[in-house]
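Could you walk me through this model in the viewer, one selection at a time? I would like to know what to click on next and what is to be found there.

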Amino acid sequence: MKIEVLFPEVCNLCGDLMNIRYLQQCCPSIEVVETDLKSRPKFLNEEIDLVYMGCAPEKGLQLAAAALMPFKAEIETLIDNGQKMLVTGNALDVFGTAIDSDDGLHIDGLGLLPTHARYQMMKRHNSGFIGTFDADGKTMDIVGFKSLFGHTYDAPAGNALFQMKRGMGRNPETAEEGFVRGGLMATYLTGPLLVLNPPFTKWLLRQFDLPDTLAFEKESMEAYDIRVAEFSEEDRPAFY
């Protein structure tokens, strides 16, 4: 398996690069390549099993969007044909139509997801999340965290990656969280997502016909079970 990490020099907040390091710990045969902001993404010209992009500061989002914009049509074709891509945290917003902030920031997105991000820079949103993910005819719990200056709006219902049980969906008006389009999976959740959710990580490894034995599996599953139970407590605040 070969994974391409996009723009790790700026897309590196919230420990999200550990998503890929954890996959390597689970399966040491995984090859990881990194692409910087000034380089053409490798998945456009060679076989890459999974493309990953994590969350970034607002300037980093601006740089990432500008770096990907010349390849918008190629990326759209590839993901619609099944190219696997995982995007976490606010990197999701790069794939929407635009990002607008109350401090005057405007970033044109790739327009691959039908949504518009709106930021309020003095009102950071922090919350825990528990929801569900449907795969292979089964439903699993998903836990994670959100730390954002805003939410994403204007998306029609459907094509959600997760369904929220407690916490926040794409915005306060919906329980749908994240997006799926072709091979693209995008979520606002950080944590890192794959470290916090071993059942989801097992599912992801199986998509590439890899063994789904995890690094530190016993400890990871025990921690996951505790986290699911705690996040499900009705008197536990979801927002902080």
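The tour below goes from the nonpolar cores to the aromatic rings, and then to the cysteines and some backbone details. Keep in mind throughout that this is a predicted model.

**Stop 1: the largest nonpolar core.** Start by selecting Phe7, Met53, Leu68, Ile75 and Phe95, the residues with the most contacts inside the largest nonpolar core, which has 39 residues. Now colour the elements that each supply at least two residues of this core: strands S3 (50–53), S4 (84–88), S7 (116–119) and S14 (184–187), along with helices H2 (58–68) and H3 (72–80). H2 gives the most, with 5 residues. In general, nonpolar side chains tend to be buried together in soluble globular proteins.

Next, centre the view on leucine 68. Setting aside neighbours within four places in sequence, what is leucine 68 in contact with? Show Leu6, Phe7, Pro41, Met53, Ile75, Val94, Phe95 and Leu110, and you have the answer.

**Stop 2: a second core and helix H1.** Apart from that core lies another, of 32 residues, with Ile3, Tyr22, Leu23 and Phe133 among them. Two of the names just given, Tyr22 and Leu23, bring you to helix H1 (residues 18–26), where Asn19, Ile20, Tyr22, Leu23 and Cys26 are buried. Look down the helix axis: these residues are on the same side of H1, because they cover an arc of only 160° around the axis.

**Stop 3: aromatic rings.** The model has 6 aromatic pairs. For one of them, select phenylalanine 133 and phenylalanine 162, which meet edge-to-face, 5.8 Å centre to centre and with 75° between the planes. This pair links distant parts of the chain, 29 residues apart: phenylalanine 133 belongs to strand S8 (residues 125–135) and phenylalanine 162 to strand S11 (residues 162–166). Phenylalanine 133 is buried at a relative accessible area of 6%, and phenylalanine 162 is buried at 1%. Add Phe200 and Trp203 to the selection to see the one aromatic cluster that they form with Phe133 and Phe162.

Two arginines are worth a click here as well. The charged end of arginine 124 sits over the ring of phenylalanine 149, 4.1 Å from its centre. Likewise, the charged end of arginine 170 sits over the ring of phenylalanine 179, at 3.9 Å from the centre.

**Stop 4: cysteines.** How many disulfides are there? The count is 0. Select cysteine 14 and cysteine 55: the sulfur of cysteine 55 is the nearest cysteine sulfur to that of cysteine 14, 3.6 Å away, and cysteine 14 is in no disulfide. Cysteine 14 is partly exposed, at 41% relative accessibility. Then move to cysteine 27, which is buried at 8% relative accessibility. The closest cysteine sulfur to that of cysteine 27 is in cysteine 26, and at 8.2 Å this is too far for a bond.

**Stop 5: backbone details.** Most residues other than glycine have a negative phi, and most peptide bonds are trans. Go back to cysteine 14, in the loop between strand S1 (2–6) and H1; the phi of cysteine 14 is positive, about 60°. Asparagine 159 also has a positive phi of about 60°. Look for asparagine 159 in the loop between strand S10 (150–153) and S11, where this residue is exposed, at 57% relative accessibility.

Finish at the peptide bond from glycine 191 to proline 192, which is cis, with omega near 0°. Proline 192 lies in the loop between S14 and helix H4 (193–196).

Note on methods
Residues are numbered from 1 along each chain as its sequence is written. This is a predicted model: local features need pLDDT of at least 70, side-chain atom pairs count only at pLDDT 80 or more; totals for chains, interfaces and linings use all residues. Side-chain values use heavy atoms; hydrogens and water are left out. Rings of Phe, Tyr and Trp (its six-membered ring) pair if their centres lie within 6.5 Å; planes under 30 degrees apart count as stacked, over 60 as edge-to-face and the rest as tilted. Helices (H or I, at least four residues) and strands (E, at least two) are DSSP runs, numbered from the N terminus. Buried means under 20% relative accessible area, exposed over 50%, partly exposed in between (1.4 Å probe, protein chains only). A charge sits over a ring if NZ of Lys or CZ of Arg is within 6 Å of the ring centre and within 35 degrees of the ring normal. The arc is that of the directions from the helix axis to the C-beta atoms. A nonpolar core is a set of buried Ala, Val, Leu, Ile, Met, Phe, Trp, Tyr and Cys residues joined through side-chain atoms within 4.5 Å. Contact means heavy atoms within 4.5 Å. A disulfide is a pair of cysteine sulfur atoms within 2.5 Å.
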